[in-house]
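User: Please take a close look at one part of this protein, the packing of its helices and domains, and relate it to the backbone details. A single connected account would be preferred.

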Amino acid sequence: MSNVRSVQTDKVNFFGNTSPRELASRYGTPLYVYNENVLRQRCRDLTGLSDLPGFHVNYSAKANTNPALLRIVREEGCHADAMSPGELYMNKLAGFTADNLLYVCNNVSADEMRNAVENGLLVSVDSLSQLDLYGTVNPGGKVMIRINPGIGAGHHVKVITAGKETKFGIDPTSLDEVRALLAKHKLTLAGVNQHIGSLFMEPDNYLNAIDFLLHFIQSDLSDLFAGLEIIDFGGGLGIPYHKYDEQPRLDMESLGRQLHAKLTQWVGETGYKGKFFIEPGRYVVAECGVLLGTVHATKFNGPNRYVGTDLGFNVLVRPAMYDSFHDIEIYRENGQPDDELVEQSVVGNICESGDILAKKRQLPLIKEGDVLGVLDAGAYGFVMSSSYNQRPRAAEVLITSDGTPKLIRRRETVEDLAKFFVEE
Ligand code: LLP
């Protein structure tokens with residue numbers, strides 16, 4: 001083994017029968033690499049939370065829409081959500097059909113709603129104005145509403161999606177207006193959903209939000225209860241990004257036990273015959289992805305050591321956007337494991353000073369020519385990448401269950417970028 005730091009990927013045999021350096025030289029970098037076994041395991045953690053009939057994992061496809069991954073998620077028995085025509089299209093490419101897809105959108109056009117309806121999807125709207133618009137698109141149809149439970153949670157203010165400071169959801173005090181709009185367009189309320197925010201590591205907030213929604217349905221929606229087919233508690237389940245600091249995992253055993261007990265009791269009390277969804281994105285795909293990059297330069301500016309790579313915020317925007325932490329591994333030709341840590345900042349090749357992947361991080365000394373592995377990059381990684389500075393987007397490779405690498409998205413080229421420019 002010729003790696004300086006690779007304990008975490010070694011633990012799960014992430015790179016199968018190849019190696020990160022082999023992948024980097026074969027496919028180039030930056031390169032998103034996914035591991036099928038890890039992905040399947042994460043799906044099974046979730047589908048195993050409850051065996052209540054009607055309990056479903058509705059994968060939130062915004063976290064990663066590569067159809068090769070979507071297909072695996074579908075094979076594992078998950079449903080999926082879509083929030084744009086593009087996500088709906090990718091889900092269908094992967095074999096999802098209307099009966100296992102849900103459209104959870106906000107601020108969309110009538111055309112977009114029509115597209116979802118024509119594809120047979122149930123649509124969740126998240127404002128009175130969108131409910132009114134939906135009624136004009138699909139009078140007499142079924143609809144879901146997204147409630148803002150007033151409790152928000154998340155790893156950064158930008159990913160908290162409930163409470164007064166967010167754009168999402170219908171205020172639970174506006175139910176009279178909801179009823180009036182349902183009556184106006186002869187709509188049936190077929191479901192209720194919520195999503196409080198992204199990345200919790202303790203189950204409590206999520207379980208409290210579930211209590212809120214179940215109680216709300218029982219007490220405030222009793223007149224509409226008979227039509228309900230789906231109750232969707234949203235996503236937000238976190239993963240340990242600080243793997244080298246031994247950060248504990250979310251306790252799925254405890255979450256499952258409490259969730260299952262709550263739902264079972266509620267079904268007993270109410271006679272509810274519909275489905276329950278949880279809607280995780282990150283938990284499904286984050287840990288199955290490692291982003292590979294190459295170190296092209298190292299230098300000091302005064303006391304600060306910089307490691308210059310091809311991993312700019314065009315490739316992975318989470319650190320620049322949310323100050324997110326991703327652990328880093330170091331793969332070197334004839335390298336030796338090294339536990340001596342040096343403060344250094346890992347930066348990209350974009351012309352902005354905020355182009356920092358890891359700021360003042362204690363890591364083994366990184367050298368030119370090293371290949372770096374950014375852990376837990378499978379969620380909100382590639383899907384949030386851009387071609388800023390006219391850098392074509394990365395390729396994606398899947399390590400299949402038998403350990404073999406397979407290209408699942410070719411690297412973009414500058415010709416790809418140029419083909420959208422038109423001359424009148
Ligand atoms: N359902 C709805 C309606 C959502 O808006 C989201 C995420 C999810 C489910 C899935 O949430 P998850 O389980 O992945 O936390 N780009 C940010 C995360 C933004 C999440 C947006 N909504 C990040 O990189 O941390």
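Analyst: Helices are DSSP runs of H or I with at least four residues, strands are runs of E with at least two, and both are numbered from the N terminus. The model under discussion is a predicted one. In these terms, Pro-30 is located in the loop that joins α2 (20-27) to β2 (31-35). The peptide bond leading from Thr-29 into Pro-30 is cis, its omega being near 0°.

Further along the chain, helix α3 (residues 36-47) packs against helix α4 (residues 67-75) with the axes 9 Å apart and at an angle of about 40°. This angle makes α3 oblique to α4. The two helices cross in a right-handed sense. On the α3 side the contact is formed by Glu-36, Leu-39, Arg-40 and Cys-43, which meet Leu-69, Ile-72, Val-73 and Glu-75 of α4. Sorted by class, the contact of α3 with α4 comprises 5 nonpolar and 3 charged residues, with no polar ones.

A second helix pair is formed by α7 (residues 128-137) and α8 (residues 175-184), whose axes come within 9 Å and cross at roughly 10°. Angles under 35 degrees count as roughly parallel, and α7 is therefore roughly parallel to α8. Leu-128, Leu-131 and Asp-132 of α7 make this contact with Glu-177, Val-178, Leu-181, Leu-182 and Lys-184 of α8. Here the residues divide into 5 nonpolar, no polar and 3 charged.

At the level of domains, the assignment gives domain 1 as 7-34 + 287-417 and domain 2 as 37-286. Domain 1 is thus assigned as two stretches of the chain. The C-alpha centres of domain 1 and domain 2 are 32 Å apart. Across the interface, 28 residues of domain 1 contact 27 residues of domain 2.

The size of an interface is often expressed as the accessible area lost when the parts come together. Between domain 1 and domain 2 the buried area is about 2,500 Å², and carbon and sulfur atoms give 54% of that area. Within domain 1, Glu-287, Tyr-322 and Tyr-380 lose the most area to domain 2, and together they account for 28% of what that side buries.

One further backbone detail concerns Asp-323, which lies in the loop between α12 (318-322) and β13 (328-331). The phi of Asp-323 is near 55°, a positive value in a residue other than glycine.

Definitions and conventions: Residues numbered from 1 in each chain as written. Predicted model: local features only at pLDDT ≥ 70, side-chain atom pairs only at ≥ 80, totals over all residues. Heavy atoms only, no water. Axes fitted to C-alpha atoms, helices over the stretch in contact; angles between N-to-C directions. Parallel < 35°, antiparallel > 145°, perpendicular 65-115°, else oblique. Contact = heavy atoms within 4.5 Å. Nonpolar A, V, L, I, M, F, W, Y, C, P; charged D, E, K, R; others polar. Left-handed = near helix turned anticlockwise from the far one by under 90°. Domains from an automatic or database assignment. Buried area = accessible area lost by both parts, 1.4 Å probe.
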